[in-house]
Each structure stands twice: as C-alpha cells, then as structure tokens.
Amino acid sequence: MAQPPPDPHFVLRGTGAAVHALHFSCGGGEPDIPVLFSGSENGFIHVWNLKTHRVDAALDGHGRKSVCGLKTMDGKERLLSQGRDQRICLWDLAEGRTSVTDSVFTENVGFCRCSLLKVAEGRWLMATAAKALEEVQVLELPSKTSVCTLKPEVGAKLGMPMCLKLWQGSCGSQPSLLAGYEDGSVLLWNLSTGKVLSQLICHQEPVMSLDFDSEKAKGISGSSEKVLSIWSLNEQQNLQVQKTHRLVNAGISDITIRPDKKILATAGWDHRIRIFGWKKLKPLAVLDYHTATVHSVSFSDHKSPSDRLLAAGAKDHRISIWLIYTQT
Amino acid sequence: MDEPQRQRLHALLRVAQLRQLLLQRRLRKGGHGGGPAPRRACSARGRARRGRTDSNPVPQDGRPPSHPATRGQRAASTGRQEGQATQRPPSGAGGRRAAHARPVGEARQDAADARCLFVRGGACAVRATATFLTALSPLISLGLFVAPRTRAVPPSLPAREGLTPGAGRRCPAARPRGRALRLSSEGEPAGPSHPGHPAMAVFDTPQEAFGALRPACVQLTKAQTVENVAQLEARLAAVGAGALQELQEYVLFPLRFALKVPGPRRERVVQRVLQCLSAVLLGTRVRSPRLLRELLSELCSCLPAPHGAPAPAEELQLAAVRALLALMHSAQGDAIVALYQPSCLPLLGFAVSLLLGLAERERAKQIKLAALECLQVLLLQCECQEHRCLREEEAQRCGDLFASFLPGVSIALSRIIAGDVKQGHRTTVSAIRLFYQIVGLVMADEQLARVPKQKEKPSVEQSRIAELIVHRGPEWSRSTSEKLSLLLRKTVELSSVHSHWKVRLELVELVQHLLSNCRLSLVDSFTHLLKALVGLVNDENSEVQSRCNEVLRGIAEQQVIAQSRALADVLSENLHSLATALPRLMNSQDDTGKFSTLSLLLGYLKLLGPKVNVVLNSVSHLHRLSKALMQVLELDVTDVKIVEDRRWGCVGGYDPSGSVQHGVQKGRCQRKYFRFFTEEKIFQLLQQVCRVLGYYGNIYLLVDHFMGLYSESAVYRKQAAMVLNELIAGAAGVGVDVLQEREVSLSMDDLKGSIMSILEEYTDQANWYLVTSIDTEEVSHEQLSVPRSGLAALPGAASSSILPSPEQHITTRTMNSNVWQLCIQLEGVGCFAAVLGREFRLLLLSALYPVLEKAGDKTLLISETAQGTLVDICEACGYDSVQSLINENSDYLVNGISLNLRQLAHQPHAAQVLGTMLRHSDASLLPLVEDVIQDVLSALDQSYNDQASTFLGVLHSLMAALVQWFGLSCSKEHQQRQAAEGQSRTLSHIQQEITSQEVERFFLDYIKQKQIAEGNFSDSGDEEADEVSPLAKPEPSNCDTEGETPLPSHAQLAKDVMERCIHLLSDRNLRVRLKVLDVLELCVTVLHPHGNHLLPMAHRVWPALVTRLISDDPLAVLRAFKVLCTLAQKCGDFLRQRFSKDVLPKLTSSLLSQAAASARAGPVYNHTLAYKLQLAVLQGLGSLCEKLDMGESDLNKVADACLVYLSAKQPMKLQEAAQSVFRHLMRVDPDSTWLFLTEVCCPHPYEPPHASLQPVKLRGMGRQRNEFTDSILLLLEELQQRESAGAQRAPPP
C-alpha cells in the first residue's frame, strides 16, 4: 500500500496576500541563516528566516504591485526582484540594509518571469520579456547593457513570451534561451546570433512554465491544459517531444526540476503540488495542503541534502514547506 | 626502715639545710642567681638500681580486682602479710585506700608506704617503660596490638562525689603569669593567700622575698605538716613573680624534700605540697633541663603505677597530675629540648604510660581529663600560646621519639574513646583530639618522607636506648597504618554516632587533621574517615554541620582529591559500594537512615568534584549509580485522585479567572510521592545528587546514558526523566551546591544540543500522547474515527501502541503513571527554558505547541503543571505574560494546529491547543488565529459525524473567548439601548400620570385621534409628537447603518460558527445538541450588535430551535429556552409572531399541566429536572414577553399560565419566579396587569369621587382570603409604588 502523502513540514503565514514567487538562499555555511524569499501580490517581498520560521524583513519596492519573480546573485545579499510595476529591482540586503541599488524598467506588461544565468564571476545574463509584444530582451548584469533582442520572424504569431529559461551547456558553450509562448510553442534561441534554433509546438494552450535539464538536454513544460510535455534537444539542436503526461486537473503554474535532477515538482491550479520522478516522469506524490491555486514551487539549495526543502506558495496566502528529500 | 636509708636521708636533710644557709648568706650579700646546683642525693639511676635490687612489692595476684572494698581488703591483707614477711608495710593503691578509711592510728604505716613508693619510683619507671616500649615494637602482632584489655574496670564502682568539675582542657598556664599566684587547686576555694587579699604586702625584690619565705621554708624542711605548707603558701602569695623566679629552686627544695621525705607518707601533706608546688611552678619558669627531669620523675612517682598497685586518693592523684601539668607548662625552651632527647625516652615513656593508665582506668572525670591534658602537653600538643610550634627538625625528632609510644597511646586512647558514655563527652573529646594529634605527628607525611631508608647505626653508649627508638621506615609506616586503620575505623564508627555533638565535631577535626597531615601514610583509613566526614555534613547540630562543610570545602579547595589519585580511588570505591547497596538500604532503612545514606552519596560526589568523570567513565560505576537512582526515585502511582481530578474549566463554561494565570506561581512543583521515601528533604537530596552529577560530569555521556534508560523501559521512564531534568539544571549550574568550581563550564551550545535532544525525545509522539484518562466521549470517538491500519501509516505511527485498543485494559495505575510522566516531562521543559533563558526562544518552535496542548488537558494535574511550565517559559524567554508568549508565538502554534487538524487522530489535541490559546490570550490574538479557525470550520464540515463533539469544544472556547473579548462592547451597546428604552418608558409613565390636566389631555387626545381616524386631520398636535420621537429614534437607525458596513471579523466568525450550529442542532447525540445550544447562545451574544446579520440567522435557526423547545429532552429544552431568551433580547418583535405561534402555546400548556405536580410536591422536587425547567421558564418568560413586546392576547395567556404559580402551595422559588413574570408584565402593560390581578383579588373598594360616576365593580372584590392573596397583594403593592414613584419623579407639568 502506498504511503499517504506527507504533511507540510511547516507553513509560513503572514504574507497577507497571494504568494507568487519563491526563492531559497540557503547555500551559506553554518553561521549563515538559511533564508527564503517570497514575493506576494501586494508587492511585498518577505525574507523568511528558516531557523525561526519568521519574517526577518519585509521589502516594499514594487509600488504594491505583484511581485512575480525573485532571483539572487551570489548569496542572499543581492536579490533581484521582478514586479508587475514593470521594473526589475536589484536589492542590497547585506548587513541588514534593505535598499534598491539598481533597477531596470522593462516596460513589459505580461506575466513572464525573467531568467538569470551566471556566465562568469561577477557577470550575469538576464532574459526578460521586452516592451514589444513578442520580443525577448537579454541584458548583461550588472552593467545593464543589452546583449541582444530576440524577435520572432514576422508572421510567426507566437504571442507573448510566457516563460523563459536561460541555460548553458556543460563545457562553457554559448548560453542559449528557451522560451515558451502564448500559442503553446517552445523556442530555442541562439543568443549570439539572435536566431531561432528550433521550435516545438507542444501545447494547445499558452506555455505557463518550463524547466530544462542541460545535462540530459531534456526539458519539461506545462500549460493551462491538462498536459505536461517532456521534450529533448538532440545534437542537431532540434527540440523533439519525448513524452506527454496527462493530468487529472488542468493548469500548471510552475515547474521546477530539483537541482540534483532526480525529481521535479509542479504547482497546479487544482491547489495541488505534484512530485514526479524526472527520469521517467513517474508520479510520486500529490501534496495536498493548499486551499487555492499554487503559484510557485521552489527547491532549496542547502549544502547538505538532508536539510533541503521544497516550498510552495499559493493564492491562499500561505507558503508550505515540505521535507521531500527524506521521503524519496 | 633499714639503716643505710635512714642515714642517707639524714645526710640529705643536712645538705639541704646547709644549702639554705649558704643561700641566705649570699642573698644578704646581695648576690644574685642560684649557686651551683646541689648535688642530687639520690639520682634516678641510683634509685633505679636500688629499685631493681628490691623485691617487687606489687602484689601479683593476677586476678582482676572486683570491688574496691574487697580489693582494698585483699590488698591490705596481702600487704600485711607481705609486711609481716618482709618487715615492711604494704603498698599499692588498695592499701592506701584502705588506710584512708582506717583510723589514724595506722598513719604510720601510710608514711612508710609513701616512702616505699618514693624509693620504688625509679624501678617502676624503668619497668613500666620497658614493658611499654616492648609493646610498641612495630613487629608486634596485630592481635596483640588491638587486643582489648582483659583487665576490666569493676563495673560497680561507687560514683565519686565531692569532686568539683575541673576546668577541662583549659590550660592553667594560659592564665597570666607572675601577677599573683593561686595556691589552691582550681577546684577548691583559695585559702587565706587569695591574690585579691588586700592586707597582703607584696615583696618584689628577691631580698625581701627571701626574708619572707625563709622561715616558712625552714619550717617546712624541719616538719612536713599541712600547716607548714599552708604557711609557705601564704608567704608565697605575697611574693612577686620576678622575685619568685629568683628563689625558685630555693622554694622548691623544701617542697621536693617533703615529697621525698622518709617515713610514712601522709596523703594530705603530699597533696598540699603538690598544690603548692604547682603554684610555684605556674608562677615561674623551669629553665634547667636537670630540674625538669628531676621534677618530672618525682612527680611521676606520686602517680599510681599502671599495674595493679592500689591508687592513692583521688585528690592526691589530681594534685599530682596538675603539678605535672604545671611543670610542663613552666618548662622553657632549652629544658624542653633537652627533655625530648632519646636519652630521656624511658622517663617520658614512664610518664606517658602512667598518665595513660590514669586516663583509662580512673573513674573520676576530672582526673581523666587532667591526665589527658597532661598527656597532651607532654606530647607537645598543647594548644596554649606558651608552646611555640615545633621546628621542623624538632618535630621530626619528636616524631621519632613518639613513634615508640604510638601503639600504646593509640590503643589506650581508642579504648578511652570507646569507653562508656558515662565518662562524659569531654573525656572522649580530649581523647580523640590527643589521638589525632599524636597520630598526625608521628604519621605525618612530611616527616615520613624525610626518614632515611636505613636506620642509622646507634653509637655504642646509646645503644640500649637507641634500640627503643623506632625507625619509621616504609615498612613500619605500612604496618602501622594498617593497624591504625583498624583503630580509626572503630573510633570513627563509634564517635560518628556519639550522642554528644562535641564528640562528632571533634571527629570532624580528626578527619581534617589526618587528611591534611597523613594523606599518604593513612590512605587505607580514608574510606572510613571520608565516610564519616561526608555523613556528618547533615548532622543535626548546626555547628557540626558548618564545620564539616568548612572542612569539605577546604579539602575541595586544596584539591586534595584531585591531586591524590589514591584518594580519588578510595572515593570511587566507596561510591561504587554505596551505589550497590543503595537499593537495599532504601528498602530497609527508615527515612532518617535513607537521608544519611543519600547524604553520604551526595558527599562522595561533591568530594570527587571534577573527578566524577573518572568514575562515570567506568561502565560499571555508571550503571550501578544510575540503576540505584532509578530504583530510589520510583514514584508511587497508586493515587486514584490524580487521574480523577478533572479540569472542568473548558467543559462547564468559560471561566475568565482561569485565563489569568491564577493559582499558577513559580516554584509550584506538584509534590511527588515516592515509593521508598516520604520526606521532601530526601527528594531534595536526590535532586542535589543529580545536579552535582550534571555539574561535574560529562553532560553528553550522562544525557546519553539516561536517555538510554528512558527509552529502555517504561519502568525507568519517569525516573530517568526526573534525573535528566536535574542533570540539565545541574549542568547549567542552577541550584547546585558544590564545594569547588568545575574547571570548564559548559558552553551554551553543548547545553542546547543536549536539551534539544531531550526535548525531542520528550515530545515524541510515543512519549507525549499517553493515555491519562478514559474519557468515554473522546476515546470512543478516536476509536471510531481512526482506522487502525491508517494510523500505522501516519507519522505518529508509534502512537498506535499507546492509544487504547478496546481489548487492552488500562489500569488506573498506568494512567496515574502516565500523568506523572507527563508532568515530569513538562517540568523538564520548564527547567530547560530556565536554563537556556532567552536562547529558549529558538526552541519554542517545537516546544510551545506540545506544552500548550497539555495545558488544555483535561487532567487537572497535567494542565496545572503545563501552565506552570508556560509561566517558566515566559520568565525565561523574557515575555511579560503567558498572553504575550502566546501572542508573539501564535504563528508557531497556528502552524501546529493547522497541520495537526489534518490528522484526524490528533484533532482533539489540536483543538485543545486552540482552546488554551484562546483562554490565555486576548482580542489581539484573533487576527492571528482567524486563519486556523477557518481550518477548524472546514475540517468540521468534512467530518460532521464523528468529530463534532471535539470541534464543538473548540467552537465553544472560541465563542466564549469572543464573548469575553468583544462582549463588553456588545453589552455596552446593549446597556445604552436599554437605558434609552427605560428612559422612553419612564416618559410614557409620566404621560400616564393621573392628574386632572392629564385626564383632560387624554380626553382631548382621544378626540383628536378619533377625528384623525375619521379623516379630519389637523396640525395642532404635532409639537408633542416631536418631543418624544428623538428619544425613540436611535435604535432603528443603529440597525440601519450597519447593514451596509462589512462585519468585523469576530462577528463574521460568530456567524460562521452559528451556521454550523444550525446543522448540528438536530444531532442525534444529546450531548452534542446541548453543546450546540451553548455555542449558539454565545454566538447570539456576539452577534448582538449586528442585527442585520443576526436576524437572518435567527430566522434560519428558528425551526431547529423550536424543535428543541417543543420536543426534546428536558435538558435540551432548558438550554434551548435560555438561547431563546438571549435571542429575544435582540431580535425582539422579529420573533414575536413565531414565538406566540410556535412556542408559547406549548410553554403555557406545559406550565399549566406541571403546576399541579409542583403544588403537590415535597422538597425533593426541587432537584428534579421538571422543577428546573419550570423555574427557568418562569424566570425567563417575563423578560421574554417584555423583549418581544407581546400582544395582549399572548400576555393574557402568559398571565393565565403564571397565575397558578402565585399560589402559596407552589414552591417558594417558583412563586418568586412567577411574581417576576408579573413584574415584567406590569412594565409592559400596567393597566391590564392591574385589572388581571384585581380580578383575582382586590383589597380596596374603589369609591367613585362623585356620585355621578358609576361605582367600580371588580370581580376580586370582597373575596375570601385564598392561596393567591398574599402574592397578589404583594404585586399590587409594588404596582402602586411604581406608579407613585413615577409620579414623584416626573417633573411637574
């Protein structure tokens, strides 16, 4: 008999609004306190202390507009937050400071979360949806210089970009960008040439979220329909659908592959978090706690595997923390 | 007496006279200082030789002397026989004693006797010394060494009287010297020569003194009589100290001569002489070694020989001992040094043996004491300032000398110590003191370390004496310490239980002395010594206690134990054997015994101090110790009351006083009852034991070990938890009483680590959720709702074994045990908090929820303990109150609750936590828990059937809390409204005032109304209408404005809860229905101010409520009626129609039908449910009518129904209740009520004021007095008063 699904390890309350973005920063050593950032609909970013399970700080930088993306750049001191006020802010959180040191005005009104990739020490690439409807802009940080702007061919009718994933092959190869569009297709962009390498139509509905495993050259995408789609990238840089998985309820708002590439978690509109094995997409567990749509799932980056956590933020204002590692 | 002796004595006399003349001459010339020392007429050697040539005069009958009288007679007879045989008078104590009793005619014999003794002295000395010294040989067998003396003291010696107690150990020489002399012994009153005598002249120069003393001295030399001695004494008293020092030898001569004088010895003279001698000695210093030696031997000769010889009179002995004491005190530096040479060993040995004999065998306390004191001085252990400390080499030499006496002295002393209690504590004390002083000197580690390996070869001429000197080599010291250890053991055993505290105090000193001086040499003895010392820590006498503590502290501070491996070994050995014996002792001893045993244990641990770790590292030690603790700490779990005591707070009703930490104080530890002891102080000892362990021991090791025991068996669990709690307290240094600081104090992190692991274990499901009660309600629900298979899969799978399975019988004992275990664990949590202080805040995440869970437990003991723990946590973490603790950590709690709500099996606990939170907090908590309350409601929605009862508990506490938090505002509004209503009513009363104007206005109004009704409208009356309306207005406006604004959260909650209640009102379980009704009432109270929301809810509730009112168990009806009353307060006319249609008929009919029953019933009826129902209905009906503003017909129905209860036949309470109904009716409609009442009974005839009016005719007029009369008259009276009061209050129009 299968084990019943576990309970959350802890539930963080007090965001006061639906949670849209989550990001762990737990890689530090012993004196460092593991931290979870959460961005909520009321524009606040909460810094959760994972030892006391309490809010250490609440950052208000997006004019009470929903925060939809959170990333850190080298540790928890520098936080990148993307809000619906069309700005991407860089926070300096060192030594208790809570100030915005820099910001980028994207002029994009969509829901697309930006993607961040560290290409060298002190050099990041950030992909974000641009002002023009179908365009994606890639910036270099911290200089904020534009690397390229990716425009689909005229007449492609892709719609808005919905999700982005910057990635880089193992041996220092060129960074590439995977982008999911409103029409259900996933495109692979070459950043240096600014050309589409491959296009794959894997959903009938907008691609809500995708994640890519650069080691196995395999990615997964979820949309507002009942299908999860796994596709792979072959040597010819072509995307191919490998497998699809039908869900009971429609709608996936977030997909994350665990850093060790063994399992993945999806955030469902049906209030549930689903855990799959990454290798064969074997369903492992359905975590049922939330009472509203789950917006975001995130795996922690703790050094020791036994400490690692899964966090899910939902529309019911709660963030549930799960111990998944011990279960698998 | 033979010729040569006589000649010799004459010669001696002559020489003395000559010397005196010479001295006189020299003094007249003004010369100073003594002349050449007079040649001794009779040297010790000579005497010795002569003594040896003499036959032994001591009777050697070998039998123990039985009775003094017979002994004396026998001695006398043998003496006489001997005297006949050898032409010499008998000698020995018996003889002299007999002489004492005999007529004066035999005095001659005494004199001869004394002379005989004098001559015999030397021989005795040598013989005694020789026998004594042979006994000292270390090679002597052990048996001989300790063999008890076969010669017992006759048991039936008559008690001696007339001996005043002496000054004890006080040293005579300690008195200021030289000022004046006291010639009498201390016990006797001073003679004419009292120093304070004013008539006496003082001679300060030697010349004057000489002149004064000379005649007396000469006289004394010529004739040794008491008078002459007294004369000398008198003269002496007048001589200054300086002068006396000059004349010391001169004065001493006649005295010494008197002692040595040939011829029969007269005891009184000798005694007087001795007294005088000691007086002189006390006033002067003996500087010449020779004089010292001679005096010593002469004085010794006055003492009775050790074996068999009949003793002289006690006074004489005492005087002799005192003189000896004076001598030793007056001896000065060089003289002393010279005395303690190997050559003097025989003499010293002789004196020692004599004194020992006295101390041991004499019966008189004073003599014993004096002898012991004398011995002390003789062995250079006197404590007076006069005697400076021995220099190192001197001490070494003396040690060598005294080593020879050690065996004899120690055996004799230990016999004295072991002697009869009747000898008095002072004797024992001095004996103990002397014992440890001599042992401490001879066995001193310092000295032994300096003793060369090989004995030095003595020079030839000293060889005889040198043979006597013991070589204190390693072998000697080993064998001696073996023997001493036996003696010490005996001594310690006897004196540690001695009834007099001074003896025990002295024992402490003994241990201290030996421990500081003979740590190495006597290591074998320390088992007993330390045991005694540690045991005395808890002596009943405070002085002993404090000294003992002082000594222990001293030992610890000097790190005696830490430095000496051997002592640590001894201690750990002791500890081990004690731990082994502990369970047995605990079983067999009484509380006092247990107390001392445990204080022994504690003492060992304290003494070991940091060395405890060495002990703990040994598995067997730790095992023994822990097992012993486990057994000793076993709790008594037979008390049923613990299990029975219930906390009713949350069940019965909301008790606001319970929310404030009332009755919960710090340090309120529930008293535990143990199986093996009852006294609290024993428990405190055990606590200390654990704390000291924790303080010194390796905390990881200990925690690990006891955690092992904790999980090993349920038998040990409680004890292990107790020990763990104390260990942690000890480790943190809380409440530990230790002798020395530990080297490294524990770091906070280590402590936290240990605490965290213990906490985790404590709050583990298997150890936290124990069955503490068989609450049929709860258990059955748990049983029903929890599928066994499902439970096993839950995270708390282990709990399946704890949850009661139906077939498993849970005894009270088990539950009691569980209750205790939880209490101990809760106390532990409190203790950990106290230890960690603010650091504990981090642990609140995991610790607070379980504690709160237990604070809501139904078992009184557990909930009280948990509340105490909460207070502890508050204090430790720096929260102001339990409330702020809960509020500030509500996120943790809410998290726990919401997660646990998901597990059906644990729902009751989660509900308890919420209940506790609500009980302990205030309105500020509400926003924090709103979230989780929604969870509770949704969980309730999912499981109506089986968990309803549990949830209702939570809902009840929630609503009760809401009422408490927000009820004030509700009731305020309510009061305001009531006040407004009241005002308007009084106004209406004013209008009803009956004055002629009023009547006129009424009539005019009536006409106007009629006109309006008929359509003839005019504006004239509007002014008055305006006057009234503003007062009546506020009420409706209040309701209107509220409809639009959103409900405050608490009201919304109440509404949500009420909605659930509607569904549950028709639950098939009566208990649930009752609970629902309670909750409903609270909901209504909370929703009061929000009429727009309340009314629709009331509408929805109504059908179900009516069913309860009409056709349900009386209990439910009762509650439902209460709800109805509450509801009516707000809803008013909204319910009027429904009430009069649905409920009233039923109520009135039941009232009417029941009236007959209650009228007939006896006093027992008051306890029936029917009565309660009647009462409740009658009490509520009045206000109900008023609130609902009932119509006339309904009021009549009510009045009809209530009338029967006005009957005097009804129980008093019901009558009163019925009267109250009428009072309410009066308020609603006074006129019709008046009419109704007067219909039944009318006391007054109402005569019309004018003949034109018809006379008033009422049906009640002129009726006979009946059962209703009293009540009705009362009511009418009240009505009358109300009216008139209203009239008075009304302003004149």
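## Reading strands, helices and rings in a predicted model

Student: Let me start with one residue. Which residue stands opposite A:W91 in β9(A)?

Tutor: A:V100 stands opposite A:W91. Keep in mind that this is a predicted model. As for the general idea, strands of a sheet pair through backbone hydrogen bonds, and the pairing is either parallel or antiparallel. In this case, strand β8 of chain A, residues 87-92, pairs with β9(A) in the antiparallel sense, over six bridges.

Student: Okay, and what is the order of the strands in the open sheet with β8 and β9 of chain A?

Tutor: Reading across, you get β6-β7-β8-β9 in chain A, four strands with antiparallel pairing. Find the edges next: β6 (67-72) and β9 (99-105) of chain A each pair on one side only. For the twist, neighbouring strands in this sheet are turned by 20° against each other on average, if you ignore direction.

Student: Let me try the other four-stranded sheet in chain A. Which strands are at the edges of β1-β28-β27-β26?

Tutor: The edges there are β1 (10-12) and β26 (294-299) of chain A, each pairing on one side only. The four strands run in the order β1-β28-β27-β26 and form an open sheet with antiparallel pairing. Here, too, the average turn between neighbouring strands is 20°, direction ignored.

Student: How many bridges join β1(A) and β28?

Tutor: Three bridges, in the antiparallel sense, with β28 of chain A covering residues 319-322. If you want a residue to click on, try A:V11: its bridge partner in β28(A) is A:S320.

Student: Now the loops. What is special about the peptide bond from A:L141 to A:P142?

Tutor: Look at omega: that bond is cis, with omega near 0°. A:P142 sits in the loop between β12 (136-141) and β13 (145-150) of chain A. The loop between β12 and β13 of chain A also holds A:K144, whose phi is near 65°, a positive value in a residue other than glycine.

Student: Is A:K144 buried, partly exposed or exposed?

Tutor: Partly exposed, because its relative accessible area is 35%. You can practise on A:K261, in the loop between β22 (252-257) and β23 (263-268) of chain A. A:K261 is not a glycine, yet it has a positive phi, near 55°. With a relative accessible area of 22%, A:K261 counts as partly exposed too, because the cut-off for buried is under 20%.

Student: Over to chain B. How many helices and strands are there?

Tutor: Chain B has 61 helices and zero strands. Of its 1293 residues, 53% are buried. Take the contacts in chain B with a separation of 6 or more: residues 24 or more positions apart account for 78% of them.

Student: How do I describe two packed helices, and what are the values for α23 and α25 of chain B?

Tutor: In general, you give the angle between the axes and the distance between the axes. For helix α23 (residues 501-517) and helix α25 (residues 542-557) of chain B, the axes come within 9 Å and cross at roughly 10°. That angle is why α23(B) is called roughly parallel to α25(B); the cut-off is under 35 degrees.

Student: Which residues of α23(B) and α25(B) meet?

Tutor: From α23(B), you have B:W501, B:R504, B:L505, B:V508, B:E509, B:Q512 and B:L515; from α25(B), B:E543, B:V544, B:R547, B:C548, B:V551 and B:I555. Sort the contact residues by type and you get eight nonpolar, one polar and four charged.

Student: Last topic: how many aromatic pairs does a search of the whole structure find?

Tutor: It finds 11 over all chains. A pair of rings is described by the distance of the centres and the angle of the planes. B:F674 and B:F677 are stacked, at 4.7 Å centre to centre with 20° between the planes. Both B:F674 and B:F677 are buried.

Student: What about B:Y695 and B:Y696: stacked or edge-to-face?

Tutor: Edge-to-face, with 5.0 Å centre to centre and 80° between the planes. B:Y695 counts as buried because its relative accessibility is 8%, and B:Y696 is buried at a relative accessible area of 5%. Back in chain A, have a look at A:W167, A:F212 and A:W231, which ring pairs link into a cluster.

How values were computed
Residues are numbered from 1 along each chain as its sequence is written. Chains are lettered from A and ligands numbered from 1 in the order in which they are written. This is a predicted model: local features need pLDDT of at least 70, side-chain atom pairs count only at pLDDT 80 or more; totals for chains, interfaces and linings use all residues. Side-chain values use heavy atoms; hydrogens and water are left out. Two strands pair if DSSP finds at least two bridges between them. Axes are lines fitted to C-alpha atoms, for helices over the stretch in contact, and angles run from 0 to 180 degrees between N-to-C directions. Angles under 35 degrees count as roughly parallel, over 145 as roughly antiparallel, 65 to 115 as roughly perpendicular and the rest as oblique. Contact means heavy atoms within 4.5 Å. Ala, Val, Leu, Ile, Met, Phe, Trp, Tyr, Cys and Pro count as nonpolar, Asp, Glu, Lys and Arg as charged, and the others, Gly among them, as polar. Rings of Phe, Tyr and Trp (its six-membered ring) pair if their centres lie within 6.5 Å; planes under 30 degrees apart count as stacked, over 60 as edge-to-face and the rest as tilted. Buried means under 20% relative accessible area, exposed over 50%, partly exposed in between (1.4 Å probe, protein chains only).
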